[in-house]
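Please open the structure in a viewer and keep the selection panel at hand. The tour below proceeds from the whole chain to single residues.

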Amino acid sequence: MRFLQILRKVATCTQNRRRVSPISGNGSFFSHQIHSQSLHPASFGIAFDIDGVILRGDTPIGGSPQALKRLYDDSGALRIPYVFLTNGGGVPESKRATELSKLLGVPILPSQVIQGHSPFKHLVNRFENELIIAVGKGEPVIVMSEYGFKNVLSIDEYASYFKHIDPLGQYKNWTNQQAGYERSSSREVDRKNDPCSQRVQAVFIVSDSVDWSRDIQVLCDILSTGGLPGREISSQPPLYFANDDLSYLGLFPTERLGMGAFRIALESIYNRIYPNALEYTSYGKPNPSVFKNAENVLLQLPSTINHRVNEQHPFKTLYMIGDNPSVDINGARQAGQPWFSILTRSGVFKGKDNHPLYPADLVVDTVEEAVDYILSKETFQPHHST
């Protein structure tokens with residue numbers, strides 16, 4: 001915990017350099033798809049964090065399956081619009097929606113899944129045909145390719161083209177195997193130019209780095225040379241982070257270091273070696289633009305409840321249910337009206353009372369309690385078939 005406290009102090013000191021930027025599967029399970037047309041727009045919506053609120057690893061927690069089922073009618077139609085608003089990622093939204101549907105027992109659309117890297121899709125027009133590098137666990141290349149980027153390499157594959165770029169590479173057989181698998185794919189057959197001679201135009205940290213030592217080394221090489229490792233010092237290509245989470249709660253009893261910690265490590269090393277300070281753009285919660293985007297997505301979702309809606313302010317209330325005060329609650333507070341924050345004790349937050357720095361509008365033990373509160377407050381009556 002002392003280490004995390006030190007990282008938090010460093011994160012505060014470096015904040016002045018941070019720039020913040022504004023299918024489902026087939027089969028019988030999806031026979032009850034969400035209705036394509038709504039009878040009336042809802043006057044409220046819900047945004048759920050995933051890790052520590054809905055799931056712990058791949059295990060539902062806090063009565064999440066029962067809570068989510070209450071947001072549908074008996075036919076499987078969505079009664080109350082909701083989204084999953086997570087800083088996590090590493091897989092396409094369509095795949096994540098399918099996984100969540102199976103784990104939670106409700107039909108979830110890809111549009112209901114907003115991940116930390118989802119805003120990257122808005123940069124396609126700028127980098128569509130340029131060489132970009134995707135970093136992180138999971139399927140970062142597939143994520144970026146589905147967004148429309150046509151010339152993407154994972155950092156694993158990219159590093160494999162440069163002999164000795166990772167001085168510890170000989171001790172990492174698992175990395176060599178992964179890079180070899182990717183290079184044997186059909187994507188490489190269509191690549192006419194040697195990546196070593198192509199200038200990297202941008203780097204995207206899609207999900208948590210798997211190999212910090214290798215990734216920091218290669219990123220320093222790319223970013224300090226204008227995208228041509230091994231060459232002279234040059235202007236830095238753009239660098240984008242899907243989120244800036246310092247820590248998160250995984251399956252281990254205490255918090256684990258997140259993408260924000262990796263960013264601090266990279267920035268600290270880069271700034272000690274090179275003359276110009278590292279420049280980057282971070283997305284994800286608590287960025288208020290993420291919450292505004294979630295509101296726009298919620299507006300597009302169908303619902304079958306009948307509420308009178310003010311055209312100037314479509315939602316009377318938007319509920320953010322999260323377990324991380326500095327990310328979920330802080331983000332909802334920054335976003336302002338109509339956001340109402342609910343903090344659960346099922347993840348990062350374990351306090352008896354409210355959080356002292358980022359107090360939520362409501363503190364509960366589980367997501368099921370949060371949904372109970374919302375439905376009671378909104379005087380929503382469960383639907384029953386006749």
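What does the accessible surface of the chain come to, and what percentage of it belongs to carbon and sulfur atoms? In this predicted model, the accessible surface amounts to about 18,200 Å², and carbon and sulfur atoms account for 50% of that area. The chain has 386 residues, of which 54% are buried. Displayed as a cartoon, the chain shows 12 helices and 16 strands.

**First stop: the sheet**

Select strands E6, E5, E2, E14, E15 and E16, which in this order form an open sheet with parallel pairing. At its edges lie strand E6 (113-114) and strand E16 (362-364), each of which pairs on one side only. Next, select strand E5 (residues 82-85) together with E6: the two run parallel and are joined by 2 bridges. Leu85 has Ile114 in E6 as its bridge partner.

Now add H10, which packs on the sheet and touches strand E2 (44-48), E5, E6, strand E14 (317-322) and strand E15 (339-344). The direction of H10 makes about 150° with that of E5. Then add helix H12 (residues 367-377), which also packs on the sheet, where E2, E14, E15 and E16 are its contacts. Between the directions of H12 and E15 the angle is about 145°.

**Second stop: the aromatic rings**

The structure contains 19 aromatic pairs. Select Tyr82 and Phe84: their ring centres are 5.5 Å apart and their planes stand at 90°, so this pair is edge-to-face. Both Tyr82 and Phe84 are buried.

Move on to Tyr240 and Tyr283. Why is this pair described as tilted? The ring centres are 6.5 Å apart and the planes meet at 35°, an angle that is neither under 30 degrees, as for stacked rings, nor over 60, as for edge-to-face rings. The pair links distant parts of the chain, 43 residues apart: Tyr240 belongs to strand E10 (residues 239-241), whereas Tyr283 lies in the loop between strand E13 (281-282) and helix H10 (288-300). Tyr240 has 5% relative accessibility and therefore counts as buried; Tyr283, at 5%, counts as buried as well.

Extend the selection to Phe120, Phe127, Phe149 and Phe204, which form one aromatic cluster with Tyr240 and Tyr283.

**Last stop: a charge over a ring**

Finally, select Lys377 and Phe340. The charged end of Lys377 sits over the ring of Phe340, at 4.2 Å from the ring centre.

Methods:
Residues numbered from 1 in each chain as written. Predicted model: local features only at pLDDT ≥ 70, side-chain atom pairs only at ≥ 80, totals over all residues. Heavy atoms only, no water. Phe/Tyr/Trp six-rings, centres within 6.5 Å; stacked < 30°, edge-to-face > 60°. Buried < 20%, exposed > 50% of the residue type's maximum accessible area, 1.4 Å probe, protein only. Helix = DSSP H or I, 4+ residues; strand = E, 2+ residues; numbered from the N terminus. Lys NZ or Arg CZ within 6 Å of the ring centre and 35° of its normal. Pairing = 2+ DSSP bridges. Contact = heavy atoms within 4.5 Å. Axes fitted to C-alpha atoms, helices over the stretch in contact; angles between N-to-C directions. Areas by Shrake-Rupley, 256 points an atom, 1.4 Å probe, with all protein chains shown as cover.
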